[in-house]
Amino acid sequence: MKKYDIAVIGGGPAGMIAAISAAESGKNVCILEKNSRLGKKLLITGKGRCNITNNALESSKLKEIYGKNGRFLYSSFDNFDNNSVTKFFNDNGLETKVERGDRIFPTTDTSTSVGKILENQLEKLGVTVFYNSHIIDWTIEDGKIKELQTKQGIFDQAENYILSTGGKSYPTTGSSGDGYKLAQKAGHTITTPAASLSPILTKEDTKDLQGLSLKNVQINAYQGDKKILDRFGEMLFTHEGLSGPIIIDSSKEIGQVIENGEVKIKIDLKPALDYPKLDKRLQKDLEEHNTRMFKNGLDNLLPQKMIQVILEKSGIDPEKECNAVTKLERKSLLKLLKEFTFTVKELKGFEKAIITTGGVSLKEIDPKTMRSKLVSNLYIIGEVLDIDGPTGGYNLQVCWSTGWAAGLNC
């Protein structure tokens, strides 16, 4: 049987770009993919639009974006950064655009076009893809991988191996944590994987607000009297709780502290106005509506879907005329508008988390080549590594940068 220079285990974004990078260097490459198609998880990223990277990302911001582990990306990012990613797709026929938050999307607004570019390149470069190849174990002798054990049998046709199996988020796409088990068997340390960038479930009922998106709001999260975090931007109500960009980006920090005690999220619906200014605005609205019923006097202040919920929580008689609302009632309403509070029940979990936090210890990986320091013919890339960032294309950039480095140096 044909002997390959490199076998890539996992055909997600990291695995595909690694295979492309290696094949462009003249190596014989194959991909062992667990599913019946490549890039299954890639297809659902960015709500099916695929936020491929972020235009504002630069070397000086790596530690700011990814935390202390960000320094691990210096070498791989310098060799294949966000501009390289955009150029790769542009050069291969996919136009891109920059949207809010410097997020880069394909102009097609569909992730399938991103996947198609990658698959076309793999085919053009002669990369062999073995579908439905589920790796369940491997044999390591004298510090090298000797063979893989798949559900179909033994695979021993490669000199080097790139592990790119992803994390545990969205397990229905094949990301079920297989890579952690394989890496651990190879002697690697695994920081306990946890769901990150996930919707938040609340103790309060949010069904009446389901589907409502709020822009330019601020959330403040508290544990007791201690403020944990604050975020400004866009959020969304679901039938079970809260979601949207600022909620998703807050979930990792909330998940890290929730075992220590109850966490409350307070939504400031009017962050541009402090209490005195908002009170003046409210008085103005009530005066304008004067003899109209209170339930009809909030149209200029709140989305229609939110008015009934706010009315019920305020305790103000909805049939009361606007000019009859008391100062005390107005104070109660102001507090609701500035501190619309929800109690965190739990995070949605791996089935809806965008990314997995935790994974293979970066201390055991060469940051320039992605080569394992424990197994000489093993390279580890992408989400299986212990590095993750916020939403906005930052996590796909980890896949592109680390994947390219492994393929180039394998």
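This passage walks through two sheets, the helices that pack on them and a few single residues in a predicted model.

A convenient place to begin is the open sheet. Five strands form this sheet in the order β6-β2-β1-β10-β19, and their pairing is parallel. The edges are taken by β6 (128-130) and β19 (378-380); each has a single partner strand, so one side of each is left without a neighbour in the sheet. On average, and with direction ignored, neighbouring strands here are turned by 20° against each other. Within the sheet, strand β1 (residues 4-9) pairs with strand β10 (residues 158-163) in the parallel sense, over five bridges. For a reader following along in the viewer, V8 is a handy landmark, as this residue stands opposite I162 in β10.

Helix α1 is the next element to consider. This helix lies across β1, β2 and β10, and runs at about 170° to β2. Two other helices, α11 and α5, also pack with α1, and the two pairs can be taken in turn. The axes of α1 and α11 come within 7 Å and cross at roughly 30°. The two helices are therefore roughly parallel to each other, and α1 passes α11 in a right-handed crossing. On the α1 side, the contact is made by P13, A14, I17, A18, I20, S21, A22 and E24. The α11 side brings L396, C399, W400, G403, W404, G407 and L408 to this contact.

With α5, helix α1 packs at an angle of about 35°, and the axes are 10 Å apart. In this pair α1 passes α5 in a left-handed crossing. The residues that make the contact are M16, I17, A19, I20 and E24 of α1, together with L118, Q121 and L122 of α5. Readers may like to pick out I17, I20 and E24 of α1, which are named in the contact with α11 and also in the contact with α5.

Helix α5 itself (residues 111-124) has 14 residues, and the distance from its first C-alpha to its last is 20 Å, close to the 20 Å expected at 1.5 Å a residue. The buried residues of α5 are S111, S113, V114, G115, I117, L118, Q121 and L122. An α-helix has 3.6 residues a turn, so residues three or four places apart point the same way. The buried residues of α5 pack against several elements, namely α1 (13-24), β2 (29-32), α4 (82-91), β5 (103-106) and α11 (394-409).

Both flanks of α5 hold a residue with a positive phi. In the loop between β5 and α5 sits D109, with a phi near 60°, a positive value in a residue other than glycine. D109 is partly exposed, with a relative accessible area of 32%. Just after α5, G126 takes a positive phi of about 80°. Most residues other than glycine have a negative phi.

Strand β3 (residues 53-54) offers a buried residue to look at, T53. The relative accessibility of T53 is 0%, so this residue counts as buried. Leaving aside residues up to four places away in sequence, T53 touches N82, V85, T86, D102, R103, I104, G392, G393 and Q397.

The second sheet is a barrel. Six strands close into this barrel in the order β12-β15-β14-β13-β16-β17, with antiparallel pairing. The twist from one strand to the next averages 45°. Strand β12 (residues 200-202) and strand β17 (residues 340-347) pair in the antiparallel sense over three bridges, and L201 has E346 of β17 as its bridge partner.

Two helices lie across strands of the barrel. Helix α9 (residues 304-314) lies across β13 (213-223), β14 (226-237) and β17, running at about 105° to β17. Helix α10 (residues 327-338) lies across β16 (264-268) and β17, and its direction makes an angle of about 105° with β16.

Strand β13 also holds N216, another residue other than glycine with a positive phi, here near 55°. With 52% relative accessibility, N216 counts as exposed, whereas D109 is partly exposed and T53 is buried.

Technical notes
Residues are numbered from 1 along each chain as its sequence is written. This is a predicted model: local features need pLDDT of at least 70, side-chain atom pairs count only at pLDDT 80 or more; totals for chains, interfaces and linings use all residues. Side-chain values use heavy atoms; hydrogens and water are left out. Helices (H or I, at least four residues) and strands (E, at least two) are DSSP runs, numbered from the N terminus. The expected span of a helix is 1.5 Å times one less than its number of residues. Buried means under 20% relative accessible area, exposed over 50%, partly exposed in between (1.4 Å probe, protein chains only). Contact means heavy atoms within 4.5 Å. Two strands pair if DSSP finds at least two bridges between them. Axes are lines fitted to C-alpha atoms, for helices over the stretch in contact, and angles run from 0 to 180 degrees between N-to-C directions. Angles under 35 degrees count as roughly parallel, over 145 as roughly antiparallel, 65 to 115 as roughly perpendicular and the rest as oblique. A crossing is left-handed if the near helix is turned anticlockwise from the far one by less than a right angle, and right-handed if clockwise.
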